[in-house]
Amino acid sequence: MPRIDITLARRLLWGPILTLLIAPAWAQDENGQAPDDEGNEEAAESPPAATPPEPEPPQYASRRERNERLLAERFPDDARWLPLPAPENESLALFRPAAAEPKGALLLFYSAENPPHWPAPLANLRQALPRHGWATLAVTLPLPPEAPVPERPEETLPPPPEPSPDTPDDTEAAEEDTAEADDETAETATVEPANEAEEPDEEPPLPEHGTRIEQRVNAALNWLDTNGQGNLVVLVDPMSAPEVMAVLRPQLEAGARGEPPGTGESPLSGPIRALILVNQSETLALDSAQLDTLFAVPELPLLDVFLGPDAATLEQQRRHRDSARRLRLEHYQTLVIGRPDARDPEDERSFWVRRIQGFMHRQAEGREVRLNPPR
């Protein structure tokens with residue numbers, strides 16, 4: 001029996017098997033397609049990924065506008081919008097008509113960029129006085145600009161020591177290292193495209209501080225006049241009192257020359273009959289020049305209120321009283337009173353409300369108001 005070579009037998013056995021295994025790979029190379037043709041076709045036909053949506057614009061143009069809108073939502077029956085020139089266009093005021101027989105109106109000015117920051121004493125007056133026949137209109141005035149930060153003086157460095165003759169001159173080497181470092185910095189620095197739009201400012205530039213106060217004061221007076229409110233008492237705080245008085249002074253001087261009204265003790269004619277200054281903190285003290293501006297109309301009835309009977313408050317009261325005597329104010333009154341309770345802003349029986357109401361009754365009460373002023 002002939003002997004078969006084992007090596008030849010293995011080659012004859014594995015040859016066809018290898019051919020069957022390699023054939024699909026040859027077919028793939030010739031056709032240029034992967035084995036999973038169906039999966040590739042589905043991936044090619046799938047739509048491109050959707051672009052992310054553009055971010056929505058902010059709901060409010062500034063924080064001040066947001067605060068005013070939120071406060072208007074909190075007091076929907078009290079909110080009134082006073083028209084202002086551009087770029088501010090309008091400002092929020094809170095108005096409450098008289099709930100009893102109308103006697104007059106209290107116009108409250110308070111310095112705060114954000115309207116919700118009304119202190120408890122003024123909130124108490126605004127919400128409690130309408131039950132006694134006094135309408136209230138509360139207006140927020142802008143804060144004065146902050147003082148600029150002083151520039152830091154430049155530090156002068158001592159001159160470098162002169163190199164000795166024995167020391168090798170390393171100036172050229174240092175200059176070369178500096179030039180190389182500058183070149184590397186210039187290469188790695190990120191240059192923004194010139195045509196890229198700059199981000200807009202939060203708010204457009206506003207007028208000067210005094211101009212903004214003048215616009216709000218006149219807008220409030222015009223609104224009260226349009227809505228039939230007379231016999232006005234103006235309440236201010238020390239931070240904005242000189243600027244407010246500068247706006248009111250021509251009208252007050254004209255009222256001092258006119259015929260006094262038939263009701264109340266105020267010697268002034270016209271809508272404004274008296275002024276109330278509320279000194280809430282000894283840190284906001286007025287200097288002599290500011291007091292001279294505030295006390296510029298001797299005929300004006302003025303109630304000077306100080307909260308808290310501490311030593312600093314009493315000293316501040318003494319300075320105000322001395323200035324009033326020097327300028328010969330004819331109807332000047334001063335009052336030191338404890339701070340009202342902040343737990344009940346609508347407490348109409350508080351001593352604070354009764355004292356303010358008594359001054360307004362003597363100086364400004366009248367009948368020159370409509371019973372149902374338009375909104």
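Colleague: What makes Arg126 count as buried?

Modeller: Arg126 has a relative accessible area of 5%, and buried means under 20% (exposed is over 50%, partly exposed in between, with a 1.4 Å probe and protein chains only), so Arg126 is buried. This is a predicted model, in which local features need pLDDT of at least 70, side-chain atom pairs count only at pLDDT 80 or more, and totals for chains, interfaces and linings use all residues. Residues are numbered from 1 along each chain as its sequence is written, and side-chain values use heavy atoms, with hydrogens and water left out.

Colleague: Why is the contact between Asp78 and Arg126 called a salt bridge?

Modeller: The closest N and O atoms of the pair are 3.3 Å apart, and a salt bridge requires a side-chain nitrogen of Lys or Arg within 4 Å of a carboxyl oxygen of Asp or Glu, so the pair qualifies. Asp78 lies in the loop between α3 and β1 and Arg126 in helix α4, so the salt bridge ties together parts that are 48 residues apart in sequence; helices here are DSSP runs of H or I with at least four residues, strands are runs of E with at least two, and both are numbered from the N terminus.

Colleague: How do you know that Arg318 and Asp322 form a salt bridge, and where do they lie?

Modeller: Their N to O distance is 2.8 Å, which meets the rule of 4 Å, and both residues lie in helix α9, 4 residues apart, about one turn of the helix. Asp322 is partly exposed at 33% relative accessible area.
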